[in-house]
Amino acid sequence: MAEAQNIPAGSTTAGSIAVAAESTVATRMSAPPSFDVADFPVPHGREEEWRFTPLERLRGLHDGTAEAGGGVKVDVSAPDGVTVETVGRDDARLGRAGKPVDRVAAQAYSAFEKAAVVTVPKETVLTEPIRVNIQGQGGVSFGHTVFELGAFAEAVVVIDHTGDGVRAANVEYVLGDGAKLTVVSVQDWADTAVHCSQHNALVGRDATFKSVVVTFGGDVVRLHPRVNYAGPGGEAELYGLYFTDDGQHQEHRLFVDHEASNCRSNVVYKGALQGQDAHAVWIGDVLIRASATGTDTYELNRNLVLTDGARVDSVPNLEIETGEIVGAGHASATGRFEDEQLFYLMARGIPEQDARRLVVRGFFAELVQQIGLPDLQDRLIARIDEELEESVA
């Protein structure tokens, strides 16, 4: 496939589209999905799924030298009716949403001791969100969490990552038929933290899954959201917001596997970059299998470069194995801050620094509004303003 990489400011790419006669998920990775870390070779950076990642900054998560010795403080606040359990590795509810697809995810699955399972019973409609606060305490830690919604249940989950450390984890979202789940995952780590996580969503018949991923902190953050459909009529909306600063590497690799018929997916990720060696990577991958007739899908990535020295790699990919679809498309665009917008606002009496903030706020507003929780939205807007202080001062 053709692909766009190292996109200079102001350029646009439509990515690549392939109409495939035969295709498997494994073709995207150097090894088939597996729960066993031994099934994955140690990456060297030449592999397709690792070529953008600074392996030397993963602190040994990729080659097995990272040994658990640190910890995280986890605080779960759940409304009445929600069950929160700590279970062993042999619990049958683990691993149902999907297998690890790279060595770090497999290492996380092989190394965790206890997993958390959060269950919302069928037909339960929560009026308050489930909040999970994960605070790094330093050192290396591995984790596994499952969120399960019964049929026709509705819930909002907020996962907040703060503190410091080296963290590898797998997160599963299992939606019963007709269920509705919104997940907001915030990565606001200390600047020296490393975080790698695979997010697997299994969307039931006529179920609706919305994911909002927000990434600010960390030295290296590498997230891999994946969506599979367990039955027809499912919907998935994947939104993302990232602000990449001096020296940070933030990588979001998405995969939506359309196998069931009459399902829908919509992906919108936006990023802003500033500072020397700020590096953002976005990989959007959608597969429409031969059985997925009636599919409707679109993916979009936009990046706003605020200063010199930043780099963006944006690669949207789309594979189609059937012509019987409603629609499919993708787009990617990266550009510098437009002086014309700034001039328009300043000409109306708005000071330059305030004008810059307004433009960036407007760029992210569409995604922040998807959260639907005023307290969290206000906090994220304030966090964006903090990031902007460095570029507008």
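Guide: Strands here are DSSP runs of E at least two residues long, numbered from the N terminus. With that in hand, we can place Gly 275: this glycine sits in the loop between β14 (264-273) and β15 (279-288). Please keep in mind that the model is a predicted one.

Visitor: What makes Gly 275 buried or exposed?

Guide: Buried means under 20% relative accessible area. Gly 275 has 11%, so this loop residue is buried.

Visitor: Which residues does Gly 275 touch, apart from those up to four places away in sequence?

Guide: Contact asks for heavy atoms within 4.5 Å. By that test Gly 275 touches Asp 246, Thr 307, Asp 308, Gly 309 and Ala 310. Take Gly 309 as an example: it is 34 residues from Gly 275 in sequence, yet the two C-alpha atoms are 5.9 Å apart.

Visitor: How do you know whether Val 186 is buried or exposed?

Guide: The cut-off for buried is under 20%. Val 186 has 0% relative accessibility, so it counts as buried. This valine belongs to strand β8, which covers residues 180-187.

Visitor: What is Val 186 in contact with, leaving aside neighbours within four places in sequence?

Guide: Its partners are Ile 159, Asp 160, His 161, Val 214, Leu 376, Arg 379 and Leu 380. As for distance, the C-alpha atoms of Val 186 and Thr 162 are separated by 8.6 Å, with their positions 24 residues apart along the chain.

Visitor: Why is α1 called largely enclosed by the rest of the structure?

Guide: A residue under 20% relative accessible area is buried. In α1, 7 of the 9 residues are buried, and the helix is therefore largely enclosed. Those residues are Arg 103, Val 104, Ala 105, Ala 106, Gln 107, Ala 108 and Tyr 109. They pack against three strands: β6 (130-149), β7 (154-175) and β9 (194-203).

Visitor: Why does Gln 107 count as buried?

Guide: Set its 15% relative accessibility against the 20% limit. The value is under that limit, so Gln 107 counts as buried. Gln 107 lies in α1, residues 103-111, and it touches Val 37, Leu 61, Gly 64 and Phe 142 when residues up to four places away in sequence are not counted.

Visitor: How many disulfides are there?

Guide: The whole structure was searched, and 0 were found. A disulfide would need a pair of cysteine sulfur atoms within 2.5 Å. As for individual cysteines, Cys 196 counts as buried because its relative accessibility is 5%, and Cys 263, at 2%, counts as buried too.

Visitor: What makes the radius of gyration of the protein chain agree with that of a compact globule?

Guide: For 393 residues, a compact globule would come out near 21 Å; the chain has 20 Å, so the two agree. Along its principal axes, the C-alpha trace spans about 60 × 50 × 45 Å. In the whole chain, 58% of the residues count as buried.

Visitor: What about contacts between residues 24 or more positions apart?

Guide: They make up 86% of the contacts with a separation of 6 or more. The chain as a whole holds 4 helices and 18 strands.

Visitor: And what can be said about the surface and the charges of the protein chain?

Guide: The accessible surface is about 15,600 Å², with 47% of it belonging to carbon and sulfur atoms. There are 33 positive and 58 negative side chains, and the centres of the two sets lie 1 Å apart.

Note on methods: Residues are numbered from 1 along each chain as its sequence is written. This is a predicted model: local features need pLDDT of at least 70, side-chain atom pairs count only at pLDDT 80 or more; totals for chains, interfaces and linings use all residues. Side-chain values use heavy atoms; hydrogens and water are left out. The radius of gyration is taken over C-alpha atoms; the globule rule is 2.2 Å times the number of residues to the power 0.38. Buried means under 20% relative accessible area, exposed over 50%, partly exposed in between (1.4 Å probe, protein chains only). Accessible areas come from the Shrake-Rupley method with a 1.4 Å probe; for residues, only the protein chains shown count as cover. Lys and Arg count as positive and Asp and Glu as negative; His and the chain ends are not counted. The place of a charge is taken as NZ of Lys, CZ of Arg, CG of Asp or CD of Glu.
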